[in-house]
Each structure stands twice: as structure tokens, then as C-alpha cells.
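Visitor: I'm new to reading protein structures, and I'd like a close look at one part of this one. Could you walk me through a pair of neighbouring strands and what lies around them?

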Amino acid sequence: MPKLTIVRANKRAFGGAEIYLERLCEELGRNQVDYEILHSRIPKWLASGLRAWLFNMQVCLARDTSRFYFSLDRVSCADVLRVGDGVHKHYMQLKGGFPYTLLNLVYTHIEKRGFAQAKHLIAISEMVKRNIIDCYGVAPEKISVVYNGIPLHSEQEQAVHHKSAQNLRAKLALGELPVILYVGSGYKRKGVHELLELFARLQSHAWLLILGKERHLQAYVAHARALGIEERVRFLGARSDVWGFYALASIFVFPTHYEPFGNVILEAMHSRCAVITTRQCGGGELLASRWLMQNPADTTIVGEIDALLSDSALLQRVQEENYACSLSFGIDKNAAQTMEILARFCKD
């Protein structure tokens, strides 16, 4: 196999794709694959649409034909393109229109060229594969679905997370009430407004813990106050001890408007949480339909959450089913499937 160039604009491991890249590279190293990572050199202060355009030029104009390019970002010249950020054109359709901003025009232009030029595409869910086909008419056989993977925890690691959960419960003075958890930055797209509305409708008593970065946090705090639930909701920001929170939670709710996969779904399942998300989340393909909301505002899920909180046998059964399912989605399996595709197409 030729030397591998992995393309990803961001350097810092703060987002799902960056964390995924870090995990994938660990596996590539274990398999002694010769690779380099190509990051963006474009200044951060430029507008996001202009940055995307210039980064695409950075990659494509200086492309080394002796190397095989595997991109985790929107670029128009990859040999194999992993569509991990979803399909922007579809996201715009979900929002009800297509504003002709620089960002939208650049993203869709690069998407169209990138999907056409690549030898093969890797979609991270069946939903993303459908989005690619519907929006750009790509042949289904040109797309493979490879679900995300996570590091699977040993019993010792799980015990550490359980201890962390006990400490968090005491430190946050949560008492014995069950915990509903949300993890994710960018609250608007990921449905935190709707989550607060759902939580306010519950008959059961529980805590709602919300983790992740948000620039407009005070608007959500004010909404919780207006709903009369501020005393039962904690906004805890970005945390480095997120696995302790997963272990603490009984239920994980992620009412996103659009999420190509969502590693948080797998992480919560692996931590023995009951998991609820929307049909607009690719990771929801791993769940039974009972736990899928039609959209972020689907209030019929309130009854299902109350059922989980009032029926300990049901809750435990769902938690154990989710954990067992998560064991099939280790990062090693993802890396092996990805490498098989790269090896196949680097020969063409």
C-alpha cells in the first residue's frame, strides 16, 4: 500500500471527528501502517466558508500523486472520502431552505466534487449513505457504511468509572434520584431546547445533567427557569471526566436535529445507559425503534422515559441490551474495516 496521507483540518481533539482520528491513528500505529496527517494551515480568524475553500486548495494544489489520500474532511481530491461530517445539502434541507451564504455554497460545491472525484466513499451510517444518494445521485455501490467505533473498556476501567460516578453523585449533591444525561457541544442543532421541554413534561422525579460547550448558555438557563425546572437541571459545561457521568446516568437523551452518527450514542450504550435519540441521528440505527423520536419535538417519548424511570426491570434490560450491542463496535473493528477499503482502492 502506498504511503497514506490522512486529511483533517482541525488539530485539537475536541470534536467527535478529531477524537475518532486520534483513536484510528492508534490502531494504524499498532498495525504498522505508514501514515502522515495533513492539517489546515489556514488562519482561524478567517470566515469559516473562506477557510473551507482555502483548505481544499491547500490539499488539492499540493497533492502528492505518490501518496494515497484518505480524507476525514470535505475536500474535492481525496482517493477515499469518509463522510463523517454528514451531508451539508441535506442538513440545509432539514432546516427548511438553502440560504446562499458563502459557507453553504462552498460546502455544497466541495461536497459535489468530492463525492464525484473520490474512488470510494465511507458513510458512517445508513442515514448518511441515503443522504449522499438522494442529494447527489451517487451510485450506491460506490458507498460503504462503516459505523464508528470506540475503545471498549475493561472491567477495571468500568470499575474506575463507577467510582467516579459515586464521587460525582456526592459532590453534586444529587441524592438518590436517577440521572438523565445529555452530552454535546452546540446546543441548538443537538436539541437542548427541546430536551428541556421534554424534561418539563416528565411525571417522574429525576435530575437532568447537561454537558458540553455552548456560546449562548444563558439563553438555555433562562429557558429552564421559564419552564420551572431550573432546580432540577445542571448545566456543567465541557468536562474531562465524561465517562463518570455516563456511569452515573440511567438514561441518555440526545434529541438532535441532525447528527451523522454521534459517538456519544455508542459511549452511552457502552456505559449501560438506556439511550434515546431522534431518527435524524445515524447512531440511532443501533437502537430499537421504541427509543427513536420522530424529531426533536416528539413529545410522545415522554411516556417512554417515564416508563424507564418507573420500571426498574425494563430499565435494567434496556441498559444491558445496549451494553451488549456496544461490544460489536470497538475501534479495532472500525479500523480493520476502514483499512480493508483503503487497501482495496489504493490498487486501482
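Guide: Let's begin with I180, whose bridge partner in strand 10 is I251. This is a predicted model, so please read every position as a prediction. The two strands concerned are strand 7, residues 179-183, and strand 10, residues 251-254, and they pair in the parallel sense over two bridges. As background, strands of a sheet pair through backbone hydrogen bonds, either parallel or antiparallel.

Now step back to the sheet that holds this pair. It is an open sheet of six strands with parallel pairing, and the order across it is 9-8-7-10-11-12. Which strands stand at the edges? They are strand 9 (233-237) and strand 12 (292-293). Each has a single partner strand, so one side of each is left without a neighbour in the sheet.

Next, look at what packs on this sheet. Helix 10, residues 263-270, touches strand 7, strand 10 and strand 11 (274-278). The direction of helix 10 makes about 170 degrees with that of strand 10.

Follow the chain between strand 10 and helix 10 and you come to a loop that contains E259. Is E259 buried or exposed? E259 counts as buried because its relative accessible area is 11%, and the cut-off for buried is under 20%. Leaving aside residues up to four places away in sequence, E259 touches M127, R189, K190, F254, Q280, C281 and G282.

Beyond helix 10, the loop leading to strand 11 holds R272. Most residues other than glycine have a negative phi. R272, however, has a positive phi of about 65 degrees although it is not a glycine. R272 is partly exposed, with a relative accessible area of 28%. A second residue to look at is A173, in the loop between helix 6 (155-171) and strand 7. The phi of A173 is also positive, near 55 degrees, in a residue other than glycine. A173 is exposed, with a relative accessible area of 54%.

For some context, let's visit another sheet in the model. This one is also an open sheet of six strands with parallel pairing, in the order 2-1-3-4-5-6. Its edge strands are strand 2 (35-38) and strand 6 (143-145), each pairing on one side only. From one strand to the next, the twist averages 20 degrees. Inside this sheet, strand 3 (residues 68-71) and strand 4 (residues 80-83) run parallel and are joined by two bridges. Here F70 stands opposite V80 in strand 4. Helix 5, residues 126-136, packs on this sheet and touches strand 4, strand 5 (120-123) and strand 6. The direction of helix 5 makes about 165 degrees with that of strand 6.

Finally, here is a pair of helices. Two packed helices are described by the angle between their axes and the distance between the axes. Helix 2 (residues 48-61) packs against helix 4 (residues 102-117) at an angle of about 30 degrees, with the axes 7 Å apart. That angle makes helix 2 roughly parallel to helix 4, because angles under 35 degrees count that way. Helix 2 passes helix 4 in a left-handed crossing. On the helix 2 side, the contact is made by S48, G49, L50, A52, W53 and N56. Helix 4 contributes L102, L103, V106, Y107, H109 and I110. By class, this contact has eight nonpolar, four polar and no charged residues.

Terms used:
Residues are numbered from 1 along each chain as its sequence is written. This is a predicted model: local features need pLDDT of at least 70, side-chain atom pairs count only at pLDDT 80 or more; totals for chains, interfaces and linings use all residues. Side-chain values use heavy atoms; hydrogens and water are left out. Axes are lines fitted to C-alpha atoms, for helices over the stretch in contact, and angles run from 0 to 180 degrees between N-to-C directions. Helices (H or I, at least four residues) and strands (E, at least two) are DSSP runs, numbered from the N terminus. Angles under 35 degrees count as roughly parallel, over 145 as roughly antiparallel, 65 to 115 as roughly perpendicular and the rest as oblique. A crossing is left-handed if the near helix is turned anticlockwise from the far one by less than a right angle, and right-handed if clockwise. Contact means heavy atoms within 4.5 Å. Ala, Val, Leu, Ile, Met, Phe, Trp, Tyr, Cys and Pro count as nonpolar, Asp, Glu, Lys and Arg as charged, and the others, Gly among them, as polar. Two strands pair if DSSP finds at least two bridges between them. Buried means under 20% relative accessible area, exposed over 50%, partly exposed in between (1.4 Å probe, protein chains only).
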